[in-house]
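User: I'd like to go through the charged pairs and the pockets in this one. Can you take me through it?

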Amino acid sequence: AALRNREPILDALRMHLPPKGLVVEVASGSGEHVVYFAQNLPGLIFQPSDPDEEARASIDSWAAESGLANVRPALDFDVTRRPWPFVNAVAILCINMVHISPWRATEALIEGAARHLAPPGILYLYGPYKRGGAHTAPSNVAFDESLRLRNPEWGVRDLEVVAELAAAAGFLEPTVTPMPANNLSLVFGRLG
């Protein structure tokens, strides 16, 4: 999946990221995305994170193998824990977390991003979303059902509900871009 979506995500990020500053990736997983982004956006400093120890080991391994100077060591970071271990990021990226976490994690992510982004920073979300309460593809219906069977607190979220939550935290309407495999790229900006 990382190989399939990394280029379209990078294209979306290039349109919105400033040339310099700190970019925090929440729930970095294996670390493949953050290393790819850092290779292609050398003016930015990337801070990967994940609450899972094995994921952090993978992230640090990918970063070490790349030899990149603009990827920091992975942080043990869960969005629901305070205080957050960084301030003044120009962007917070969160790829494929919103649907595989409880709703309270999305609430904490958006609230925390509003507090820790340096205006006019962006919050970038990627994954499957419903639009107008309906799934965007039959495959997302099956995926949503499988997620909810694994954990009833998980599931494909409604884009409009996420946007309302973000608006209440001071974010603008998202820029929405269709992505591979029926996913969406959401870029939430802030007034600077």
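Analyst: Starting with one acid: Asp-144 is buried, with a relative accessible area of 7%. Buried means under 20% relative accessible area, exposed over 50%, and partly exposed in between, with a 1.4 Å probe and protein chains only. This is a predicted model, where local features need pLDDT of at least 70 and side-chain atom pairs count only at pLDDT 80 or more, while totals for chains, interfaces and linings use all residues. Residues are numbered from 1 along each chain as its sequence is written, and side-chain values use heavy atoms, leaving out hydrogens and water.

User: What does the side chain of Asp-144 meet in a salt bridge?

Analyst: Arg-148, at 3.0 Å, N to O. A salt bridge here is a side-chain nitrogen of Lys or Arg within 4 Å of a carboxyl oxygen of Asp or Glu. Both residues lie in helix 5 (residues 138–150), four residues apart, about one turn of the helix. Helices (H or I, at least four residues) and strands (E, at least two) are DSSP runs, numbered from the N terminus.

User: Is Arg-148 buried or partly exposed?

Analyst: Partly exposed, with a relative accessible area of 33%.

User: Which residues do salt bridges with shared partners join into one network?

Analyst: Arg-56, Asp-76 and Arg-81. Asp-76 pairs with Arg-56 at 3.4 Å, N to O, and with Arg-81 at 3.2 Å, N to O.

User: Where do Arg-56 and Asp-76 lie?

Analyst: Arg-56 is in helix 3 (residues 53–66) and Asp-76 in the loop between helix 3 and strand 3 (89–95), so the pair ties together parts 20 residues apart in sequence. Arg-56 is buried, at 15% relative accessible area. Asp-76 is partly exposed at 42%, and Arg-81 is partly exposed at 40%.

User: How many salt bridges by this rule?

Analyst: Seven.

User: OK, pockets. What volume does the largest one have?

Analyst: About 400 Å³. On a 1 Å grid over the protein atoms alone, a pocket is an open set of points with protein on both sides within 12 Å along at least five of seven lines, and lining residues have an atom within 4 Å of a point. Grid points are joined across faces, edges and corners, and the volume is the space filled by probe spheres set on the points.

User: Which residues lie nearest its centre?

Analyst: Ala-27, Ser-28, Gly-29, Ile-95 and Asn-96, out of 24 lining the largest pocket. Helix 1 (2–16), strand 1 (21–26) and helix 2 (32–40) are the elements giving two or more residues to that lining.

Methods. 1 Å grid on protein atoms, 1.4 Å probe; cavity = no way out; pocket = protein on both sides within 12 Å on 5 of 7 lines; lining within 4 Å.
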